[in-house]
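Welcome, and take a moment to turn the model around before reading on. The paragraphs below walk through it piece by piece.

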Amino acid sequence: MVQAIEAKALTRVFGNKKGKGPLIALENVDLNVAEGELFGLLGPNGAGKTTFIKILATLLLPSFGEVKVLGHDVVLEAQKIRPRINMVSGGETSGYGLLTVKENLWMFSQFYGIPGKEAKRRIDEMLATFGLEDKANAKVRTISTGQRQKMNVVRGFVTDPDLIFLDEPTLGLDVNASIAIRNYIRHWVKDTTGKTVLLTTHYMAEADFLCDRVAIIDQGRILACDTPANLRRSVRRASIFTLATTPFDGITGLGGLPGVSGFESTTSEGRVEMRFSLEDESVIADIVSFVTARRAKVLSVSKGEPTLEDVFIQLVGRALG
Amino acid sequence: MRDELRTFRYAAWLGWQMEANWTQPWFFLIYTVAKPIAGTLILVVMYLVVQSSVLNDPTFFAYMYVGNAFYMYVAQVLFGIVMVIHEDREHYQTLKQIYIAPISFYTYIIGRATCKIVLTTIAIFITLVFGVQALDLSLDLGQVDWGLLAISMLLGLLCICMIGIALAGISFLTARHGMGINEGIAGMFYLFCGVVFPITVLPGWGQAVGHVIPITYWLEIVRRALLPGMDISSVSGLQDYSSTEIFVLLAVSSALFLVLSIGIFRYADHLARKKGKLDMTTTY
Amino acid sequence: MIDWKLNYRALLGRAYPRIIGASREPSWMLFDIVLPLLGIAAFIYYYRAMGAPEVFTGFVVLGGVMTAFWLNVLWSMATQFYWEKETGNLQLYMLAPMSRMAVLGGMAVGGIFFTTIRAASTFILGFLVFGVQLQVSNLGGLVATFCLTLFALYGMGMMFSSLYMLYGRGAWHLSNLLQEPIYLVSGIYFPVKQLGFWTALTASVIPITLGLDAMRQLMFASPSVQGFLPVEVEALVLAALAVLFLIGARYSLRYMEYLGKREGRLTMRWQ
């Protein structure tokens, strides 16, 4: 199978910070992404996702290891990679405020040598797809954050890359816009041949919906890499319970109870929502005892199917973000 | 008052960070010194090309040298203030957060400009020392009228800051044209205020403009304070005015500029809010 | 293998915002043309106050014309990568397959439009207001020298811009630092020969030095011109500098990009 991305023992170290020593942003990362795959990369802030993408996008050199993108080495053959890739980041502020949406998109298309007429056709088509046609002639500095992010997404796809890096592409977008973009991404990969996407996101549902495979990264290391279904199955041996109670003291003690492998909680308006990953279902009884001993009332208890978020909590030990 | 002082203090601190934390102290010192000295030397070489020696016309040379040295305040403070607006707005994109904070924006601007004033003072000192040591500038510290110098410096710097505030307001509305604004605005004062040549050389209307701008009187009084042994007024053409009269003219014109500057700032601020320009990006 | 079509399109693409920006933000006409003329006028009056020969007015006007191009090279091209880095455009430029020189060339071409207007305004001011007297001895030579100076100057600017791949504010401050010293050693407003042979020779590596000196010799027939070297020699040196700087720019851009990627500073903001 043709690999779009091949990383072998990839390590990236950033120089010594004053008094803190070198920062190892990526450590011995081995990862392959096949051509035609929609691959997700999940991890908390500072996990190394953007560093990884920058190396693949030829913006950063690896410190050690070998990385190939579309069959070409990122260090020695960057010029062969660039015509075939593109990148979109969440919250991007690229472009020029004085230019219109269309002009900005045209300008970036010229950096890839796309003939004028073809560029115009693609831009018009994509603006219509993303519901931006009425903003085509609006100056970029006048459009909203969400509209700007849509424009960024169009910029990424208008060059028709073989591999696109999407670093939180739906950041700042409303629900409808996010759905439109996800559907477009899915369609772009699945209905055309030879197209690959590497996506990073904080929205678990997005990764679950879109990705053929997902890798979970934390502190520069890949903790797991598999299809979302297999990853969810891997935590099935743990039981997932959701418990709602009135507020009480000593809530952090729940994480340390025997048999609790994952725990997170949120508090709002006189209600505490807790989510547990338990090694055995019977542990729930201990949890309820713990709660009631602290004079809290149990408002609801439910058992759930593991989600990617549960996988994440179990592997990383904490929630995303 | 405490809030104002706190705003001023932290704005000054921020100004210092922006100016200095990009390099090692020794290089920063070179940077602070080399630029003004080079600027001054351009004029010195131009003088020597025509006059061959400083001693041929020491009064004119002193007039030019001191005027150019203190003009650095005008150039650097105005430049610094314009950059505060443009950089905060387009580069760091923090202008809107600072703008809506419960602080006096005037105090913030003056705080940010303070660092420029301090650094420029060092540069001027070095320039004057260089002039005395290397170029036979006739400046005798024992003869300087320190009292007159101090009070005129205070008023002059206040006036420059006021002009800066007007410029800050105008900057809300203008695109970031690189160094153009700085060069342009400073050039206006350079031409009309008798910085390196007496305004009597200008046509009548040019002299009339110069007589309205407080910088003209400020430079005159600084020269008289620093060079009391020289007949500077015969060069500047202001020999008919006593130092007291010059000072009064400085005070009156500064007061007028204060009112004008605040008016310009408030109007520009209103326009910027009306047109939504406070967070515009214009770089191209 | 250079993809000339791609780089040509990229050059046009990057020139476009400059040209359109100038028409959409017309305030540059005041700040970049009208007001700088006041600075030029100040230097003219400075010379006049000293009783300098009238040809020095011409020196200032010519210096003002070339200053427009020098500032375009320094601030609108060389330092532009700094602004692009801060706004997030630089990483998209580095990601794209076009040549970095094509992007810089686009900035230069786009900036030439209002730079030429500024230069022409300065020239006209010199003629109409200050009565500059020209005695052009070789118009073809003058145009050729001017063009060679611009090529070499823009090549130097491209080399300088490579610093911004690695550095941020430091490089910007370096640009700021160099502005006046370069005015001084290149003899913007006076014959560079006045600085002494060795200073003038060292300064000749800056294209504007020999360019101005040659143009003064070709435009003004006055003993005050004091040419440093014969015009033909200066033109040859400028041609050599143009080639060297453009080739040097190619390698320095590549090398600095490599360093920036190695140290992770290529896309680092607020350095």
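Let us begin with helix α3 of chain B, residues 58-91: at 1.5 Å a residue its 34 residues should span 50 Å, and the end C-alpha atoms, 46 Å apart, agree with that. The expected span used here is 1.5 Å times one less than the number of residues in the helix. Helices (H or I, at least four residues) and strands (E, at least two) are DSSP runs, numbered from the N terminus. Please keep in mind that this is a predicted model, in which local features need pLDDT of at least 70, side-chain atom pairs count only at pLDDT 80 or more, and totals for chains, interfaces and linings use all residues. Residues are numbered from 1 along each chain as its sequence is written, while chains are lettered from A and ligands numbered from 1 in the order in which they are written.

Follow α3(B) along and you will meet a bend of about 25° at B:Phe70; a bend is the angle between axes fitted to the seven residues ending at a residue and the seven starting there. The rest of the structure largely encloses α3(B), because 29 of its 34 residues are buried. A residue is called buried if 20 or more other C-beta atoms lie within 10 Å of its own, exposed if 12 or fewer, and partly exposed in between, with C-beta atoms placed from the backbone. Just after the helix, B:Gln93 takes a positive phi of about 55°.

Further along chain B, look for B:Asp279 in the segment after α11 (243-275). Which residues does B:Asp279 contact, leaving aside its neighbours within four places in sequence? They are B:Arg89, B:Leu95 and B:Lys96, where contact means that the C-beta atoms of two residues, placed from the backbone, lie within 7 Å. The C-alpha atoms of B:Asp279 and B:Gln97 are separated by 9.8 Å, although the two positions lie 182 residues apart along the chain. With 16 other C-beta atoms within 10 Å, B:Asp279 is partly exposed.

Now see how chain B meets chain C: 38 residues of chain B are in contact with 39 residues of chain C. On the chain B side, the elements that give two or more residues are α2 (25-51) and α7 (180-192). Of these, α2(B) gives the most, with 13 residues. Sorted by class, the side of chain B that touches chain C has 24 nonpolar, 12 polar and 2 charged residues. Here Ala, Val, Leu, Ile, Met, Phe, Trp, Tyr, Cys and Pro count as nonpolar, Asp, Glu, Lys and Arg as charged, and the others, Gly among them, as polar.

Crossing into chain C, you can find its own helix α2, residues 28-49, which has 22 residues and reaches 31 Å from first C-alpha to last, close to the 32 Å expected. α2(C) bends by about 25° at C:Pro36, and it is mostly covered, with 17 of its 22 residues buried. Just after α2(C) comes C:Gly51, with a positive phi of about 75°.

Two other helices of chain C pair up: the axes of α7 (residues 139-161) and α11 (residues 207-219) come within 9 Å and cross at roughly 170°. That angle makes α7(C) roughly antiparallel to α11(C), a label for angles over 145 degrees. The contact includes C:Leu142, C:Phe146 and C:Leu153 of α7(C), and C:Ile208, C:Met215 and C:Leu218 are among the residues from α11(C). By class, this contact has 11 nonpolar, 4 polar and no charged residues.

Chain C also holds helix α12, residues 231-263: its 33 residues should span 48 Å at 1.5 Å a residue, and its end C-alpha atoms, 45 Å apart, agree. C:Gly264 follows α12(C), and its phi is positive, near 75°.

Finally, turn to chain A, whose secondary structure comes to 10 helices and 14 strands. Its C-alpha atoms fill a box of roughly 70 × 45 × 45 Å, taken along the principal axes. Of the 321 residues of chain A, 46% count as buried. One residue to pick out is A:Asp160, in the loop between α5 (145-158) and β7 (163-167); A:Asp160 has a positive phi of about 50° although it is not a glycine.

How values were computed. Axes are lines fitted to C-alpha atoms, for helices over the stretch in contact, and angles run from 0 to 180 degrees between N-to-C directions. Angles under 35 degrees count as roughly parallel, over 145 as roughly antiparallel, 65 to 115 as roughly perpendicular and the rest as oblique.
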